[in-house]
Amino acid sequence: MASSLWRSVFGGSAAPAEEEERVAFWSIPERAGWLTKQGEYIKTWRRRWFVLKQGKLFWFKDSTVTRASTPRGVIPVASCLTVKGAEDVLNRAFAFEISTRGETMYFIADSEKEKEEWINSIGRSIVQHSRSLADAEVVDYDSTKHSVKPSSSSD
């Protein structure tokens, strides 16, 4: 799932190393913890350590994350449209989903509290990073207009 998401967002076959290196995922994450994630091709559930930092959701095989660690995958949250509970979809407690234009990824937290905290953290990151993306695309129409001098009126 995430590798095809990565390809659809950034092109190529996997997350390029330079994208990972730009984010110090090993230091002071916005959120980190265990989640169970559904596999992309074989739909088995695997427990992974997730790190949310600077608009990217990384996952690792274990919780010992250092500068030398290689993420198993990464989701750029700016490409995500929604994050919401998914217990009714999966018929599993503490489930949530992250949706993009092309796919939906499913996760299971260890408790209702953790599920809500992940949803809130990812949701905040989606808003922050989609806003900064939108701000970068804003055209300043005022700078293209001819300035008009205010008329001096003598009342």
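Buried means under 20% relative accessible area and exposed over 50%, with partly exposed in between, using a 1.4 Å probe and protein chains only. The model is predicted: local features need pLDDT of at least 70, side-chain atom pairs count only at pLDDT 80 or more, and totals for chains, interfaces and linings use all residues. Residues are numbered from 1 along each chain as its sequence is written, and side-chain values use heavy atoms, with hydrogens and water left out.

**Whole chain**

Start with a cartoon view. Four helices and seven strands make up the secondary structure; helices (H or I, at least four residues) and strands (E, at least two) are DSSP runs, numbered from the N terminus. The order along the sequence is α-α-β-β-β-β-β-α-β-β-α. Of the 155 residues, 39% count as buried. Switch to a surface: the accessible area of the chain is about 9,600 Å², with 51% of it belonging to carbon and sulfur atoms. Accessible areas come from the Shrake-Rupley method with a 1.4 Å probe, and for residues only the protein chains shown count as cover. A contact means heavy atoms within 4.5 Å; among contacts between residues at least 6 apart in sequence, 48% join residues at least 24 apart.

**Stop 1: F25 and W26**

Select F25 and W26 and show their rings. The two form an edge-to-face aromatic pair, 5.2 Å centre to centre with 85° between the planes. Rings of Phe, Tyr and Trp (its six-membered ring) pair if their centres lie within 6.5 Å; planes under 30 degrees apart count as stacked, over 60 as edge-to-face and the rest as tilted. F25 counts as buried at 4% relative accessibility, whereas W26, at 27%, counts as partly exposed. The structure holds eight aromatic pairs.

**Stop 2: β6 and β7**

Next, select strands β6 (residues 95–99) and β7 (residues 104–108). Five bridges join β6 to β7, and the two run antiparallel; strands pair if DSSP finds at least two bridges between them. A hairpin of four residues connects β6 to β7. Which residue of β7 stands opposite F96? That residue is F107. The rings of F96 and F107 are stacked, because their centres lie 5.3 Å apart and their planes meet at 20°. F96 is buried at 0% relative accessibility, and F107 is buried at 1%. Four of the five residues of β7 are buried, so this strand is largely enclosed by the rest of the structure. Now add strand β1 (residues 31–38), which pairs with β7 in the antiparallel sense over two bridges. T36 has I108 in β7 as its bridge partner.

**Stop 3: the aromatic cluster and two arginines**

Keep F96 and F107 on screen and add F50, W59 and W118; these five residues form one aromatic cluster. Then show R31, whose charged end sits over the ring of W118, 4.9 Å from its centre. A charge sits over a ring if NZ of Lys or CZ of Arg is within 6 Å of the ring centre and within 35 degrees of the ring normal. Move to W45: R92 lies over its face, at 5.1 Å from the ring centre.

**Stop 4: β3 and its neighbours**

Select β3 (residues 56–60), where five of five residues are buried. Both faces of β3 are covered, with K56, F58 and F60 on one side and L57 and W59 on the other. Strand β2 (residues 45–53) pairs with β3 in the antiparallel sense over five bridges, and K53 stands opposite K56. Two residues separate β2 and β3 in their hairpin, and Q54 in the turn has a positive phi of about 50°. Beyond this hairpin, show strand β4 (residues 73–76), which is antiparallel to β3 and joined to it by four bridges. V74 in β4 is the bridge partner of F58.

**Stop 5: the nonpolar cores**

Finish with side chains. A nonpolar core is a set of buried Ala, Val, Leu, Ile, Met, Phe, Trp, Tyr and Cys residues joined through side-chain atoms within 4.5 Å. The largest such core has 18 residues, and those with the most contacts inside it are L57, F96, I98, F107, W118 and I122. β2, β3, β6, β7 and α4 (112–136) each give two or more residues to this core, and α4 gives the most, with four. Centre the view on I122: not counting residues up to four places away in sequence, I122 touches L52, L57, V83, F96 and I98. Another core, of eight residues, lies apart from the largest one and includes V23, W49, F60 and V74.
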